[in-house]
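Here are a few friendly notes to read alongside the model. Please keep the 3D view open as you go through them.

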Amino acid sequence: MPLLADVAVPVPLSQAFTYEVPAALAAEVRPGARVLCEFHRRKLLGVVLAVSERSTAIDPSRIKPLAALVDARPALPAELLSFLQELAAYYFAPIGEVLRLALPAIEREQVRALKAQGELDGVLDLGRAKQVGGRKVAYARATDAIEEPGTLRGQAAALLALLRANGEQPVARLEERHGNARSALKKLAERGLVALDEREPPRDPFFRLAEARDVPPELNAAQAEAAARIDAALAAAAAPGGGEPRAGAPHEPRHAGPSAFLLFGVTGSGKTEVYLRAIKSCLDRGRGALVMVPEIALTPQLVARFRARFGDELAVLHSGLSDADRHAMWSSLHRGKVRVAIGARSALFAPVPDLGLILVDEEHDGSFKQEEGVRYHARDMALLRAHRAGAVCVLGSATPSIESVALVRRGKLAELRLPDRAHREATLPEVAIVDLRRYGAGPSGDPLISLPLHRALEQTLAAKEQAILFLNRRGFAPSVVCGSCGTLTTCEACSVALTYHRGRRRDAPAGGAAPGGAAPGAPGAAPPPAGAPAAGLVDERPQGGRLRCHYCDYAGPLPERCAACGSRTLLLEGLGTERLEATIAASFPEARVARLDRDVAGKDRSQAILARMREGKIDILVGTQMVTKGHDLPNVTLVGVVNADAALGLPDFRAAERGFQLLVQVAGRAGRRDRPGRVLIQTRNPEHPAIAFAAAHDVPGFLDREIRDREEVGYPPATRLALLRIDAVDEGVGRGAAAKLAAHARTCPEGLARRVEVLGPSAAPIARLRGRYRFRVLLRARERGPLRGTLASLAGLMRDGLDRNARVIIDVDPVAML
Ligand code: ADP
Ligand code: ZN
Ligand code: ZN
C-alpha cells in the first residue's frame, strides 16, 4: 500500500488533498511539516496533516508525489496542529488559511536548500509565505582617519559626510538613498575611512531599557487564594496523564478540580500580580505559558513587569516586529529556548513549548475577535487550546464579558474574585453623573464641556494632579452638514458620514477656521476664546484639514460647496477628540494637554505619550478607547467621560455591555494610589442601566440584569448566533444571494424543524462599505448542533450555488454587528 499524506494547501477550500510520499522522504514527512506540492500546475507550500499507509479510492495515476520537504523538523507541533484543525472546523474556515495564521516565515537557508534540489524554478508559489534572512544587519560608521584632500568624490564623499554628520547607520538604509552604497562603503573601508560591522539589529522597543528585577510583593488574602487555586490546577494538570491532550481520553479518572478560571478583580486589584505568580508556578513545573492582552502596543508597562519578574527570556509578539525578529521569537519558542510568550490576539498561535497555562487579560475586550479573514475569537479559542493541551486557562477582567459570566454560571469556569484595590489606601473613585439636559455649556462655550466638568478640571490642575478625558470619536468634527439644506457629507464608497480632521496646525486658533469660506462651529457653540494658541501640543507632522472616512481609506479636502444645493455654508458638527483637545487647550492655557487616539499613535507614539503622562509631563490627556485600557497612572485623580451616550445607541445587542465596560474601565484609571479619584460621566440618559450601574461600581448588578435581558430577547449567551455576511458591488447580486441563502436556511431540515431561526435577509446597518452593498442573514439557535448542521448545508450552497460576484462570509459567534 502506498504511503499517503493529507496536505492542506493555501486555497480557500476546506478539505485536504492527498499526495504520495516518495520513499526518500518517508522517514521525514510528519504531520505539521511543510512540503512543496503540485496543485493545478503550480507548486504550493502545504502542510502535512496526516500520514498513513493505506489504500484509496482515488485513481492512483492521479495522485502526485510530494515535490519536496521544507522543514527538517515539523513547523507546527502536534498540539498546535490539532488545535488549528479544530479551530478551522468550528469556524467553517478553510484549513489552509487557518494554518497560515500559525506558520512562521520561510528561512533563507530553506529556500537555498530547495533551490539546490532544483525545486525552485519559477513555478513556485510560496502562497504569500514570507521569507526571512538571518538576523545580522550590516552597519557602517566613519572612523577617525582623515582622507587626503581631493581624493574622494561622488557617492563616496557624500556617504562619508553623511556618516560623519549622523553617526553609525545601517547599510541597508544608506542603500535606499545611494544605490551603490555597498561598493562605495567597501572602498571607503579598504582605505580605513569607514568601519563596517555585522551584528544583531537593535532589540525591539519592549527591550530597549534594562529592567531591574523586582521583589514580589506579599499577596493580599484574595490574591493568595486566587494564586493558590490556579497553582492547584497547574499541579493537577501536570500530574501523570495530565500533560497529554485530554481530548482523546476525556473520561480518564482524574481528581483535578477546575482547570479554567475567570479572575474577576476590580480595576487596580492586582490581577497582574496573580498572573505573575501563575506563570511562575507553571514555569516551576517545567511547562510554558502564553499571555494574551488586547493591544500589546498599549501595554509596555505590563511587559516591563513581566521582564522585571522573569528576565528577558520572554517572546513579545507585536505588530512592530520586523519579519526577522518575529521569526527569531517564533523559533526560540519552537526550539524550547523561551517558554513564555506575550502578545495580542495572534499570540494564540505561538508555538509555546509544553503549554501549561494561557492567560487572557482584559478578556472582555472586543479586539480578541478577528474581524477579517478567519474570524476567530481568541478568548474562546484560548479556552479550547488550553483544554486540548491539558493546560490551565485564566480569563481576567474587571468587567467580565457576559459570555464568560455565563460560563461561570454553567460551571464551565471557576470564579476567582479580587474585590478590593491592592494598594491599601486606594479606593474606587467617586462617580458623579452630569445630566447634560440640566447643565449647559461651561466657560469654554462647548456644550460638551459642562460647568461641573470645567470646575473639576480647574481643581485638578490647581492640585497639580492629572486628568483623563474620554471621548469615543476621533477627528475634529464627526460630521459636516450643509447649513442651507441640511445634507450630510457622506463617503462615496460607504454609507457613513465623513469626519473632518483638522490635522496639526500650530498657528491655527482653537476654533479651527475651515478652508473654503466654510463657517465652522456646531450650532449653539460659541467659538472658544479667540487667538488662544492650540497650546501644549506635541510634535505631530502637520497636515491640512481633510475629510476622512473611518471605514475605508478615503481622505479628501473639505468641499467648497454643498454637493446637493451648492451652498457655501458647511457646518462642522459635533465634537471629536481633535477638537476637544484644542478646546481644552484654549480654555486651560496653562495646562499641558495631549491626545491619545489612532491618529496620533503610531508604533512608538502611544508608548511615548503614556510615558510622558506617567512622568507628569502632561496635565490633561484627551483620548478615545486607547485611554481606557489598563494603564496604571498613579497621579490621575479625575476622569471625565465627555459623552457617555455615544456608544449606547448603536444597533447592536452588545451596545449596553460595551458601553458599561468602557465606563468602568475608564473610571478605573482614577485614584489608583493614595489620592482619591473622581469620575464625571456626562450623559443625557442618566437612567440607562449601563450608566447607572457603572456609577454605582455595581458590576455584578449590571451582569445580572444584562444576562436577564439577553435571555428575554434571545441573544447570546442565551442563544448561539451565526451571521452570514454577504456583499457585492452590484446591489441586486448581493440581495439575490442573501435571499437565496435565507431561503435555503429555512428549508434545510434544521430550519424546517424550527430548531434554527432565520432572521433576514436584510441590509446591514452600514449598508454600503468600500463600494460594496452589504446584506446579512442571521441564524439563531438554542443549541450549537442544529446551527452547525445548517451552516454545513449552507457551505455547500456557497461553494457552487451562488452568483460568483457575491461574497459570502460565515461569521460564527459574531461580535461586530454593524
Ligand atoms: P489590575 O491588573 O488588577 O488592574 P495591578 O496588577 O496593576 O491591578 O495592580 C495595581 C497596583 O497594585 C500596582 O501598582 C501593583 O504593583 C500593586 N499591587 C498589586 N498587588 C499588590 C500587593 N499584594 N501588595 C502591594 N501592592 C500590590
Ligand atoms: Zn446644501
Ligand atoms: Zn468610506
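**Notes on the ligand site, the cores and one alanine**

1. Helix H8 (residues 271-284) contributes the most to the shell around ligand 1, with 3 residues. Helices (H or I, at least four residues) and strands (E, at least two) are DSSP runs, numbered from the N terminus. Please bear in mind that this is a predicted model, where local features need pLDDT of at least 70, side-chain atom pairs count only at pLDDT 80 or more, and totals for chains, interfaces and linings use all residues. Side-chain values use heavy atoms, without hydrogens and water, residues are numbered from 1 along each chain as its sequence is written, and chains are lettered from A and ligands numbered from 1 in the order in which they are written.

2. Which residues come nearest to ligand 1? They are Glu218, Gln223, Gly268, Lys271 and Arg673, out of 18 around the ligand (a heavy atom within 4 Å). By type, the shell holds 4 nonpolar, 7 polar (Gly among them) and 7 charged residues (Asp, Glu, Lys and Arg).

3. Some polar contacts (N or O pairs within 3.5 Å) are worth a look. A nitrogen atom of ligand 1 sits 2.7 Å from a polar backbone atom of Glu218. An oxygen atom of the ligand is 3.0 Å from a polar backbone atom of Gly270, and a polar side-chain atom of Thr272 is 3.0 Å from an oxygen atom of ligand 1. The protein covers 80% of the 560 Å² of accessible area that the ligand has on its own (Shrake-Rupley, 1.4 Å probe).

4. Now to the interior. The largest nonpolar core (buried Ala, Val, Leu, Ile, Met, Phe, Trp, Tyr and Cys joined through side-chain atoms within 4.5 Å) has 117 residues, and Met292 and Leu779 touch the most other members. Helix H1 (residues 78-91) supplies the largest share, 8 residues. A second, separate core of 33 residues includes Val274, Tyr275, Val340 and Ile342.

5. Why does Ala667 count as buried? Its relative accessibility is 7%, and buried means under 20% (1.4 Å probe, protein chains only). Ala667 belongs to helix H16 (residues 655-667). Beyond neighbours within four places in sequence, Ala667 is in contact (heavy atoms within 4.5 Å) with Pro429, Val639 and Val679.

6. For the whole chain, there are 21 helices and 33 strands. Buried residues make up 53% of the 818 residues.

Conventions
Buried < 20%, exposed > 50% of the residue type's maximum accessible area, 1.4 Å probe, protein only. Polar contact = N/O pair within 3.5 Å; in protein donor to acceptor, adjacent residues only side chain to side chain.
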